Structure formats: structure tokens, C-alpha cells
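Student: Please give me a close look at one part of this protein, starting from a single residue and working outwards to its surroundings. I would like the cut-offs stated as you go.

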Amino acid sequence: MSMQYAFAAQTYDVDGHAPPGGHVPIRAWVPDSVPIRGVIVMSPGAGGDERGAVGDPDWQAAAAKWHFALVGTMLEGGADYNNASSGTGPALDNALNDLAKQSGHAEIADAPL
């Protein structure tokens with residue numbers, strides 16, 4: 001059974017792109033903890049959408065306790081989808097860099113995943 005928690009936090013929706021074929025929309029939940037020590041990335045694989053998982057109160061409790069951000073992904077394919085150097089890998093990296101800027105938590109850009 002999940003317990004309900006209330007945290008000071010923000011939720012962000014960010015679109016990560018990397019030409020020619022990477023596209024990774026993310027939803028992130030960032031607790032008001034400074035600094036963020038890491039990022040928990042929830043990714044179901046091709047065609048799945050795990051963005052709603054960042055709203056889970058148990059994940060939020062763990063993330064807040066350990067000063068982690070939560071990121072749920074929806075991996076979308078393209079011509080270079082599986083290419084680690086130009087597909088969804090760089091697209092996720094771009095999304096995390098944008099999240100770092102939007103959230104004011106610059107440390108997210110370099111945090112361990």
C-alpha cells in the first residue's frame with residue numbers, strides 16, 4: 001500500500017532531440033533539495049511511456065530522501081533511434097541539460113543516472 005507524501009517539488013515536461021533520429025520527451029519531478037545528487041531514469045523501452053511514474057508517491061519519497069530527481073521517458077524512434085551516438089542517448093542528454101536550466105538545478109546536467 002502506498003503512503004501519501006507531500007514534498008516541495010516541481011514537475012517539468014521537456015522534449016529532448018538529437019538529429020537525425022533521437023526524440024525523448026521526458027517528465028521530471030525535482031524535489032526542492034540542493035544539490036541534486038543523481039537522476040533516477042525510468043524508461044520502459046521502445047514504444048513505452050513511463051512519464052507518469054514520476055508521480056508515484058513512493059518513488060518521490062525515495063527521491064526526496066536521497067536528493068535525486070525522477071525522470072520518466074517516452075522513447076520515440078526515428079531513422080537513427082538505436083544509435084547510441086545520434087539517437088535516443090543524445091536526445092536524453094539534451095533533455096537533461098534543458099531540465100537543468102529550467103529547474104535551476106545546474107547539477108542535473110552532470111549528475112549520475
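Tutor: Helices (H or I, at least four residues) and strands (E, at least two) are DSSP runs, numbered from the N terminus. Because the model is predicted, local features need pLDDT of at least 70 and side-chain atom pairs count only at pLDDT 80 or more, whereas totals for chains, interfaces and linings use all residues. Residues are numbered from 1 along each chain as its sequence is written, and side-chain values use heavy atoms, with hydrogens and water left out.

The part to look at is threonine 73, which belongs to strand E4, spanning residues 68-73. Its relative accessibility is 1%, so threonine 73 counts as buried (under 20% relative accessible area, with exposed over 50% and partly exposed in between, using a 1.4 Å probe and protein chains only). The side chain of threonine 73 nevertheless has a polar partner, since a contact of 2.9 Å links it to the side chain of serine 43; a polar contact is a pair of N or O atoms within 3.5 Å, where within protein one must be able to donate a hydrogen and the other to accept it, and residues adjacent in sequence count only if both atoms are side-chain atoms. Once residues up to four places away in sequence are set aside, threonine 73 touches a list of residues (contact means heavy atoms within 4.5 Å) that includes Val24, Pro25, Ile26, Val41, Met42, Ser43, Pro44 and Leu92. Gly48, Asp49, Glu50 and Arg51 are also among the residues that threonine 73 touches.

Strand E4 is part of an open sheet of 4 strands, ordered E1-E2-E4-E3 with mixed pairing (two strands pair if DSSP finds at least two bridges between them). The edges of this sheet are strand E1 (9-18) and strand E3 (38-42), each of which has a single partner strand, so one side of each has no neighbour in the sheet. Strands E1 and E2 (residues 22-31) run antiparallel and are joined by 10 bridges, and tyrosine 12 has alanine 28 in E2 as its bridge partner. Along the sequence the whole protein reads β-β-β-α-β-α, and 44% of its 113 residues count as buried.

The loop between E3 and helix H1 (57-66) holds glycine 55, which is partly exposed at a relative accessible area of 45%. At the N-terminal end of H1, aspartate 56 acts as a cap, with a side-chain oxygen 2.8 Å from the backbone nitrogen of aspartate 58. The buried residues of H1, namely Pro57, Gln60, Ala61, Ala63 and Ala64, pack against E2 and E4. Just after H1, histidine 67 adopts a positive phi of about 65°.

Strand E4 also contributes to the largest nonpolar core (a set of buried Ala, Val, Leu, Ile, Met, Phe, Trp, Tyr and Cys residues joined through side-chain atoms within 4.5 Å), which has 20 residues, with Ile26, Val30, Val39, Val71, Leu99 and Ile108 making the most contacts inside it. The elements giving two or more residues to this core are E1, E2, E4 and H2, and H2 supplies its largest share, 6 residues. A second, separate core of 7 residues includes Trp29, Met42, Ala53 and Leu70. Met42 is also one of the residues that threonine 73 touches, which brings the description back to its starting point.
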